[in-house]
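Please open the structure in your viewer and keep the selection tool at hand. The tour below proceeds from one selection to the next.

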Amino acid sequence: MQKAPKSLAETTIRLLGDRWKVQIIECLMDGTKRFGELRKELGDITQKVLTANLRMLEENGILIRHVYAQIPPRVDYTLTNIGYNLKPVIDSMVAWAEEYRETLLTNLNDTIEQSKTTLENRFNQLKENF
């Protein structure tokens, strides 16, 4: 038996806590997609992993799987209202990641500039001693 989450944030993490679930939800924000479309859009995901994640998202009420009675079988996936309600959460995650990346780049550039200055000063000191 799985332990109950200690916080609501933990509930969100349990539902979305891996790379593929968030990417699947992002893909479906544009509308209904078939399995093959999702797999192509997601890139290096295996069929097994995609199937498992789609099942988990369906079980948790994030998406709906619609099977058409035809040959060959056709299956579509669509976000539920709960799934579409995740848009601001995912948008916030994207905004935070962009800000984080910018901060890292700024810090890296500052470190490079400081290193250049330190090296230039050291080089000038060595030059003066010769």
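What order do the three strands of the open sheet have? The order is 1-3-2, with antiparallel pairing; strands here are DSSP runs of E with at least two residues, helices are runs of H or I with at least four, and both are numbered from the N terminus. Two strands count as paired if DSSP finds at least two bridges between them.

This is a predicted model, in which local features need pLDDT of at least 70, side-chain atom pairs count only at pLDDT 80 or more, and totals for chains, interfaces and linings use all residues. Residues are numbered from 1 along each chain as its sequence is written, and side-chain values use heavy atoms, without hydrogens and water.

**The sheet**

Select residues 33-34 and 63-68: these are strand 1 and strand 2, the edge strands, each of which pairs on one side only. Next, add residues 74-79, which form strand 3 and are joined to strand 1 by two bridges in an antiparallel run. Within this pairing, Arg34 has Asp76 of strand 3 as its bridge partner. Strand 2 and strand 3 pair over six bridges, also in the antiparallel sense, and Arg65 lies opposite Tyr77 of strand 3. Follow the chain from strand 2 to strand 3 to find a hairpin of five joining residues.

**The helix pair**

Now select residues 19-28 (helix 2) and residues 87-129 (helix 6), which pack at an angle of about 115 degrees with their axes 11 Å apart. Show Val22, Ile25 and Glu26 of helix 2 with Ile90, Met93 and Val94 of helix 6, the residues that make the contact (heavy atoms within 4.5 Å).

Conventions
Axes fitted to C-alpha atoms, helices over the stretch in contact; angles between N-to-C directions.
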